[in-house]
Amino acid sequence: MASNKSDFIDISELIRQYINKWWLFLISFIVCAGLAFVYCKIHKPEYAVRANVLINQEEETGSPTSMAMGMTGLSGLFGNNGFVYDEIFIISSHSLYKDVAKDLSLGTKYFVRKGFLNTTFAYEDYPIEIIPTAGMLDTLSVSISFKLKVKENGKVDIEAKARKNVFAEVEEIELPYTLQSDFGTFTFAKTDNFIANKDFKEVITVVGYDSAAEELDVAVSSEIASKRSNVVEMGINTPYPDYGKNILNKIIELYNKRTIVQKNEKNDLTSQFIDGRLKILTKDLNDIEIEIQNYKQKRGIIDVGLEAGKQFQKQTEFENALLELRTQQEIIRMASDFLSDPANEYSLVPITSEAEDVPGGLEAYNALLLQRQDLLTSARADNAALKLLDEKIKTLRDNIKASFAKTLDNVNLRIRDIQRNMADATAKLGAAPLSEREFLNLKRQQELKQSLYLFLLQRKEEVSMALANSFPKGTVVDSAFTLSEPLGMSNKIIFILAVLFSLILPPIALFVRRLITNVIESRNDVEKATDIPLLGEMCEDKSGDKIVAVNGNKSSAAELFRMLRSNLLFVLNSSTDKVVLLTSSVPGEGKSFISLNIAASLAALGKKVIIVGMDIRKPTLAQYIGISPKYGVTQYLSSQSLSIDQIIEKVPGVDNLDTIVAGPVPPNPAELLASGKVDQLFAELRGVYDYIIVDTAPLGLVSDTFTLDRVADATICVCRLNKTKMTAFKELNDIYEHNRLKKLSIVINGSKSRKEYGYGN
């Protein structure tokens with residue numbers, strides 16, 4: 001069936017609509033073009049680009065030593081967010097800005113002039129790019145500018161200046177071109193944005209990364225958002241918002257990378273120390289285990305008998321206490337040796353104060369060392385703050401070492417007491433064999449080494465988890481964003497722009513929307529797209545009711561369903577025509593709503609009607625009606641024991657209307673619908689009901705509707721305004737032309753409610 005109705009866009013009609021509004025377009029053009037030209041040529045508005053970063057403060061465990069040093073008072077002197085000022089110093093440091101300049105190639109800037117007063121900064125879309133010698137910008141100390149004049153024939157004149165002095169000048173050259181100079185080699189090449197057959201001018205400035213960092217230091221501001229918060233507000237004012245956002249986001253990214261590297265260095269040092277100790281302990285454990293094995297093989301272990309049981313139990317308790325004390329003794333010695341080693345003067349202590357009897361202060365000591373590492377990234381060795389911090393670290397280290405010595409003396413004293421008690425208990429075991437006591441000594445050494453080994457293994461796992469979960473110090477509260485209002489722009493200009501956009505955007509938006517969405521918007525669109533009979537329209541129903549086609553309802557939707565019913569009865573012109581398939585092109589076009597209300601409208605005539613949910617891949621009918629039957633179609637088709645009466649349910653609130661829901665989604669829907677039980681089901685339903693409305697799957701997704709065509713007498717395809725694609729009618733036309741569905745017709749859903757439909761309101 002050939003038809004020219006597929007040309008669904010009527011260009012002449014569209015032009016006529018615009019011609020009727022010629023005065024509106026004329027006013028819009030004059031005002032918009034005039035103001036846009038003057039404003040864009042003379043003034044380039046600046047925009048405020050902002051970003052907010054929350055600085056996370058690492059928790060510091062308080063200790064008597066730190067309080068003795070007046071750490072609390074010192075933090076009070078700087079305020080609650082004193083540490084944030086240090087982080088601001090790092091965020092705005094020259095070294096960080098230099099890295100930003102390298103990553104974003106801020107050493108080169110491009111300005112393109114395409115007409116009178118039309119010079120723009122080309123951040124990414126410059127027509128000609130320059131490639132300096134590798135490494136030149138790391139050491140370049142002067143600013144170099146290149147003026148390029150591009151002619152219509154593609155030839156280029158280049159003038160190079162440094163310190164306002166021309167050091168190179170070439171004419172009528174073709175790109176790419178390499179310029180040799182005392183500063184180095186510069187290569188000029190075209191980009192994808194090169195403008196052919198048109199003359200224009202381009203200015204390229206080249207500065208070193210140090211100079212670019214200085215420019216960022218002037219342009220970018222960083223300050224605490226509030227005295228009571230740890231949020232740093234970063235900002236840059238620029239006529240080019242994308243350029244500003246890239247800079248702020250890159251600063252935050254590199255700052256967080258730097259903090260993660262610092263944290264990982266701390267954990268790497270701890271991991272290296274633990275690995276060294278584990279190697280030593282592994283060798284000691286192997287030696288002791290070999291010695292115990294040889295001892296057992298040579299002498300064996302003697303049972304001291306029941307009489308010595310109590311003494312052995314007491315001695316075991318002493319041994320456990322001694323084991324704990326020696327473990328603590330070894331940990332304190334390890335930490336003390338680490339602090340006493342001059343090579344570890346500013347190294348993080350890998351031992352924590354979590355163990356009993358281990359003096360506190362190590363967390364505060366490590367926090368000071370981390371603060372010193374952060375300060376070193378941007379301060380010189382003779383910095384006053386650094387010297388003050390070194391004095392604090394030395395004092396705290398001396399206090400911790402003194403505390404370690406005192407604690408070690410206390411532990412040694414307790415060990416001697418326990419050893420004396422053990423000697424008393426051992427004396428009472430005079431009858432115990434010497435070999436058993438020797439074995440216990442070996443076992444005790446093994447347990448001591450094993451306890452230390454397990455402790456270090458646990459610390460190693462903690463360090464590994466810390467390495468795997470390294471979080472940046474700065475949490476991005478707001479990534480770089482541009483404030484909507486330009487800086488310095490008056491309300492009058494904003495109002496004018498708003499009026500202009502209100503005039504020009506509606507027709508553009510509607511036209512572009514029509515081109516992009518490519519959906520039907522009116523009945524006229526459907527009639528132009530297909531020759532398939534139109535059964536009727538259905539307006540939008542705002543009542544919220546699922547079933548509106550009931551007696552007594554005089555709404556527009558109810559009247560339209562009565563019209564649909566009349567047209568459908570005309571299509572079902574034979575007494576044997578009972579089964580009607582309801583389908584659509586895609587989900588969401590109102591197929592289930594139309595099916596249910598057509599069935600209700602037929603039932604209102606006193607006919608016995610049933611609606612069958614045959615969309616078994618994505619069933620919605622039961623949920624739509626608001627019932628939860630025990631059995632459905634899929635269970636009936638896959639079972640030999642269910643009868644039709646077991647799957648039929650009454651539709652609540654509608655006389656003469658029954659339903660069979662789809663049931664659970666089967667693994668083989670296509671095979672079920674092709675089975676002979678489907679024919680048996682509809683044969684029995686034909687003998688009981690006057691009309692059978694079948695809610696089937698969409699045509700554009702699966703072939704279920706075509707499979708059910710063998711049991712149907714007519715088919716209705718539902719399309720929805722502003723939903724159904726125009727391309728869907730190509731497939732519908734093919735189906736209609738080849739008679740793949742019996743008596744195919746179309747129902748339009750989503751029309752506007754109008755009183756002309758009947759007695760609707």
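Buried here means under 20% relative accessible area, exposed means over 50%, and partly exposed is anything in between (1.4 Å probe, protein chains only). This is a predicted model, where local features need pLDDT of at least 70, side-chain atom pairs count only at pLDDT 80 or more, and totals for chains, interfaces and linings use all residues. Residues are numbered from 1 along each chain as its sequence is written, and side-chain values use heavy atoms, with hydrogens and water left out.

Let's start with helix α8, residues 209-219 (helices are DSSP runs of H or I, at least four residues, numbered from the N terminus). Its buried residues are Y209, A212, A213 and L216. They sit on the same side of α8, because they cover an arc of only 100 degrees around the axis, going by the directions from the helix axis to the C-beta atoms.

D210, also in α8, is partly exposed at 29% relative accessibility. The side chain of D210 meets K98 in a salt bridge, 3.4 Å from N to O; the term asks for a side-chain nitrogen of Lys or Arg within 4 Å of a carboxyl oxygen of Asp or Glu. This pair links distant parts of the chain, as K98 belongs to helix α6 (residues 94-104), 112 residues apart from D210.

Now for helix α9, residues 241-298. E253 and K257 are four residues apart there, so about one helical turn separates them, and their closest N and O atoms are 3.2 Å apart in a salt bridge. Both join D103 and K250 in a network of salt bridges.

Helix α12 (residues 384-427) has R420 and D417 three residues apart, and they form a salt bridge at 2.4 Å between the closest N and O atoms.

Note on methods
Helix = DSSP H or I, 4+ residues; strand = E, 2+ residues; numbered from the N terminus.
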